[in-house]
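Me: I would like to go through the charged side chains of this model and ask, for each label, what it rests on.

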Amino acid sequence: MTEYDGWTGTVAPECRPDASRADSPDAPPTERRSAPPGPVAPAVPAADPATGAGGDGRPARSTGPAVRTGPPSRPALARCVAVEPAKFAAAYWGRAALLSRAAELGNPDGFRDLLSPADADELLSRRGLRTPFLRVAKNGQVLPTGQYTGGGGAGAEITDQVLDERVLALYADGATLVLQGLHRTWPPLIDFTRELSLHLGQPLQVNAYLTPAGNQGFATHYDTHDVFVLQVDGHKHWQVHEPVLPDPLERQPWGGRADEVAAVADGPPALDVVLGPGDALYLPRGWLHSARAQDESSLHLTVGVRALTRYAIVETLLELAAEDPRLRATLPFRMDVAEIDQVEPELTETVEALRDWLLRADPGAVAARLRARAWPAARPAPIRPLAQAAAIAALDADSRLAPRDGLRWQLTAQPAGDDGGRGRVVLSLFDRTVTFPAQCAPAVRAFLSGGVHRVGDLPGLDDDADRIVLARRLLREAVAVPA
């Protein structure tokens, strides 16, 4: 093995001079209710924390400040919570709701730079939006897609396209519009989500909820993932209750506990508040909530955190346990699995075999399975295929390249074989592996450490011709981008 075996990281967002976001009932109380001290606590003004990349093992960091969406001095997480990251992680993450007012967040313009009502209209009317990127709900029920989709005319006859006239009719009649997957379709949210994902070390999704005045799209429910609620426009009355099932898994949706949810929702809330433009609310998974627009229409973003849980490790261990012959054994001939007396001895033997196997479980094998599950869920920054191809064609020793923002990677050595073949270095990415000759390892590792690199300065190779070949490969594999 060599010194570069096992290096893993995440490329941090890079600051470049020309970087910019692409394309361009009765009034409820407005503050937290008087209540005994509990898990919901007010936010305090935060310091402006330094930012960096999150990674498994040795994270790569850029040499300059990160590109930001919105106010340049506010990291993505600081726009969502008005406490320092360490305090958020220790006191709130997965534990307690957190309300952060716009004044505490230092967001003078709120979140309109991420998605404004005019932007939502653009998506609904001029972008050829298709299902499932739009859901429509009314009185707690999701409406059939046929009520707002159809063919788009000549050359666009496919029938799952959003029709703006039908959307208007439903919205005017009180329905809530849910724009889904905005972390994939709207450039400012693509950038913001990627940065926030690096802070949290978790994959994210973003939806927008547009609710007419005085209406409520969904009944009290809980989500099976944490959420950051970012109020963009209008005001919305939120009632939040503590969980009926702490930390629910995706396979444990609220519908299976509807009676419990309804009973708790009839009681006093842990949080009763109106969110206004620029306010933010963090809710861990399982916390019950409902929201109603006030005297004007409301637009808010919900950033969902698709975090892995310990149960994911359990699932991975069970997958790997299939390698043990004792755990693959057939049950006894003519065994009646409905008879406790017949099941009990088999259960005892199975538990013993499983215990023995778990004591020998390989952390490396578990990590590899978890990586294959987690990395594809958080895509790196988009690339521009035409510009990328042009950069490949024009590449020379003076070209300047940078690693693709948000790229998760692992660099490992593959020793030479007994047949005398030369060793290789393997770069594992979120969707594939790329293999290079061993002599490329110092250059690849230096490149992935972050920053802007002149092709002719890549270390460890004999001449510029070799460096250009490597740089061209990095561009073709979408590991590098023009700086």
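Reply: What follows is a set of questions and answers on salt bridges, burial and a charged patch in a predicted model.

Me: Why is the contact between Glu315 and Arg373 called a salt bridge?

Reply: A salt bridge requires a side-chain nitrogen of Lys or Arg within 4 Å of a carboxyl oxygen of Asp or Glu, and the side chains of Glu315 and Arg373 meet at 2.9 Å, N to O, so the pair fulfils the rule. The partners come from distant parts of the chain, with Glu315 in helix 8 (residues 310–321) and Arg373 in helix 11 (residues 363–374), 58 residues apart.

Me: Is Glu315 buried or exposed, and what makes it so?

Reply: Buried means under 20% relative accessible area, and Glu315 has 18% relative accessibility, so Glu315 counts as buried. Its partner Arg373 has a relative accessible area of 41%, and because this value falls between 20% and 50%, Arg373 is called partly exposed.

Me: How do you know that Asp398 and Arg454 form a salt bridge, and which parts of the chain does the pair tie together?

Reply: The N to O distance is 2.8 Å, which is within the 4 Å limit, so the label applies to Asp398 and Arg454. Asp398 lies in the loop between helix 12 (385–393) and strand 16 (400–403), whereas Arg454 is in strand 20 (residues 453–454), so the pair ties together parts that are 56 residues apart in sequence. Asp398, with a relative accessible area of 48%, is partly exposed, and Arg454, at 24%, is partly exposed as well.

Me: What makes Glu477 buried, and what is Arg432 called?

Reply: Glu477 has a relative accessible area of 18%, which is under the 20% cut-off, so Glu477 is buried; Arg432, at 26% relative accessibility, counts as partly exposed. The side chains of these two residues meet in a salt bridge at 3.1 Å, N to O. Salt bridges that share partners join Asp431, Arg432, Arg473 and Glu477 into one network.

Me: How many salt bridges are there by this rule?

Reply: The count comes to 19 salt bridges.

Me: Why can Asp336 belong to a negative surface patch?

Reply: Patch residues need over 30% relative accessible area and no salt bridge. Asp336 is partly exposed at 34%, so the area requirement is met, and Asp336 forms the negative patch with Glu339, Asp341 and Glu344. Asp336 itself lies in the loop between helix 9 (325–328) and helix 10 (340–359).

Terms used:
Residues are numbered from 1 along each chain as its sequence is written. This is a predicted model: local features need pLDDT of at least 70, side-chain atom pairs count only at pLDDT 80 or more; totals for chains, interfaces and linings use all residues. Side-chain values use heavy atoms; hydrogens and water are left out. Patches are made of residues with over 30% relative accessible area and no salt bridge: like charges are joined within 9 Å, nonpolar side chains (Val, Leu, Ile, Met, Phe, Trp, Tyr) within 5 Å. Accessible areas come from the Shrake-Rupley method with a 1.4 Å probe; for residues, only the protein chains shown count as cover. Lys and Arg count as positive and Asp and Glu as negative; His and the chain ends are not counted. The place of a charge is taken as NZ of Lys, CZ of Arg, CG of Asp or CD of Glu. Helices (H or I, at least four residues) and strands (E, at least two) are DSSP runs, numbered from the N terminus. Buried means under 20% relative accessible area, exposed over 50%, partly exposed in between (1.4 Å probe, protein chains only).
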